[in-house]
Amino acid sequence: QLCKTIAAYHPLGAKMSDGPIAMAQSQERNIAIPKGPETRLKEAFQSEWKAIGADRHIFNTARTARIYGIASLALLTEGQDPATHLEPGSLYNTKIGFNVFDPLNTAGSLVLNQNANDIDFQKVVGIAVQGKVYSRSRTVTMMNEDPLYIEYTASAFGFVGRSVYQRALYPLKSFIQTMVTDNLVSLKAGVLVAKVKQPGSIIDRAMAAIGGLKRAMIKEAVTKNVLQIDVDETVESLNLQNLEAPATMARKNILENIATAADMPAIILNQETFAEGFGEGTEDAKAIAKYISRIRIWMAPLYDFFDQIVMRRAWNPDFYKTIQAEFPDDYGQMDYTTALYQWLNSFVAEWPNLLEEPDSEKVEVDKVRLEGAVKLVETLLPHLDPDNKAALIQFAADTFNGLKLMFDAPLVLDYDGLAAWLTEQAEKGNEDDNNDDGEGRATGFGDSSGRAIVPLRKA
């Protein structure tokens, strides 16, 4: 209940539990399926990923684990008992849903075995919700930090991970006190101090009324009003300058203590802007990037779980029929199961680097790559046979097309025609070598040793 209260009401509660996950999900993963029609497969995958709300379910599971110390995600299928083993092949034509369970939902099933001689020692073997057992194939359980032997976590009802708030309870309480100080300063900042000359030792009713009138006039005075006071009298605001330094220092130290307790960079809680952007790679930016990389690694089981579900649903038999119609040469005679496992095994999803380089530096990197590719072609081309020459030119064209910042339009070549032309020229060169002028001079596309030499045309 304390963790729930902090998450729901404390000003830093959501920032500590949700902030790192939101930053980790601020970029989309780079997906590649090299052994297949990549564009069509990626489009189908991303469409299904959004349709089932995968990012939202991953976010809710991870944040719940950080709040309480442990959380579970379960896949439910319409008309099937959660205790039955999940059949991946039936996912595409079944109505599915996802539930995120906090420790109160799974209480009793995630205590974890503390017998050090058992094979399931401190391991999750399954979950049960209100007495209903769930198949392990349908669930993923996430813990914030690993369990410690015989260290019970009250918020998680088991010997499991710990809440992100657990070590930070005292500084979280101190942060509320800084808000009380801020409120006090805001109440006192408008106080006016009137240093009024005393009329004497005896104050009659008339002098008291005049003093009251002065105070009332000072209280009601606004811009463009004129107040008349004695030369020995002054009116000024309450001096709170001495509060600024200690209050600012105390607040900063409290935030740093909370960040230390939660093992996260303090700048995330300080709400300070970066002196430089992520692209400049400052020390603050590097610390944030390393921290977010750890969060992404921690969230990997959730993404792996959803990847398998989304691929099965997106690349279903009906979708495969459209692929066969579009690519009859490659998939016309291939059965669905073979193609599916070929795609599943070649699926790769990687996070982009959080420290993005500015475009000016990316162009310099592309320039070096282009120069290296050109040098490689110039070196190898004269020594290759026609088939390998065509392959080398295709490599150069692919490298060229990958330099998006330097060239907008792609370079498209007929590689089959190129290979045939190179073979034809090589054969012609060999014939000309056999019919030279008797002085060893080649009259065709060849040198005196009989090797074919084909000049490259500049693009």
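Student: Why is I229 called partly exposed in this structure?

Tutor: This is a predicted model, and in it I229 has 37% relative accessibility. Buried means under 20% and exposed means over 50%, with partly exposed in between, so I229 counts as partly exposed. You will find I229 in the loop between helix 7 (205-220) and strand 8 (234-237).

Student: What makes I229 part of a nonpolar surface patch?

Tutor: A patch takes residues with over 30% relative accessible area, and I229 has 37%. Its partners in the patch are L192, L213, M217, L227 and V235, and the patch covers about 500 Å².

Student: Why is the pair of Y303 and W351 called edge-to-face?

Tutor: By the rule for aromatic pairs, the count here comes to 18. For Y303 and W351, the ring centres are 5.2 Å apart and the planes make an angle of 85°. Centres must lie within 6.5 Å to pair, and planes over 60 degrees apart count as edge-to-face, so both values fit the name.

Student: How do you know that this pair ties together separate parts of the sequence?

Tutor: Y303 lies in helix 11 (residues 300-314), while W351 is in the loop between strand 9 (348-350) and helix 15 (359-380), so the pair links parts that are 48 residues apart in sequence.

Student: Are Y303 and W351 buried or partly exposed?

Tutor: Y303 has 4% relative accessibility, so Y303 counts as buried. W351 has 25%, so W351 counts as partly exposed; the limit for buried is under 20%.

Student: What makes W315 and W343 an edge-to-face pair?

Tutor: Their centres are 5.9 Å apart and their planes are at 80°, which satisfies the limits of 6.5 Å and over 60 degrees. W315 lies in the loop between helix 11 and helix 12 (317-326) and W343 in helix 14 (residues 336-346), so this pair joins parts 28 residues apart in sequence.

Student: Why are W315 and W343 called buried?

Tutor: W315 has a relative accessible area of 0%, so W315 is buried. W343 is at 0% as well, so W343 counts as buried. In helix 14, A339, L340, L344 and S346 are buried along with W343.

Student: What do the buried residues of helix 14 pack against?

Tutor: They pack against several elements, including strand 1 (30-32), helix 4 (38-51), helix 11 and strand 9.

Student: How do you know that D335 caps the N-terminal end of helix 14?

Tutor: A side-chain oxygen of D335 lies 3.3 Å from the backbone nitrogen of T337. A polar contact needs N or O atoms within 3.5 Å, so this distance fits.

Terms used
Residues numbered from 1 in each chain as written. Predicted model: local features only at pLDDT ≥ 70, side-chain atom pairs only at ≥ 80, totals over all residues. Heavy atoms only, no water. Patch = residues over 30% accessible without salt bridge, like charges linked within 9 Å, V, L, I, M, F, W, Y side chains within 5 Å. Areas by Shrake-Rupley, 256 points an atom, 1.4 Å probe, with all protein chains shown as cover. Salt bridge = Lys/Arg side-chain N within 4 Å of Asp/Glu carboxyl O. Helix = DSSP H or I, 4+ residues; strand = E, 2+ residues; numbered from the N terminus. Buried < 20%, exposed > 50% of the residue type's maximum accessible area, 1.4 Å probe, protein only. Phe/Tyr/Trp six-rings, centres within 6.5 Å; stacked < 30°, edge-to-face > 60°. Contact = heavy atoms within 4.5 Å. Polar contact = N/O pair within 3.5 Å; in protein donor to acceptor, adjacent residues only side chain to side chain.
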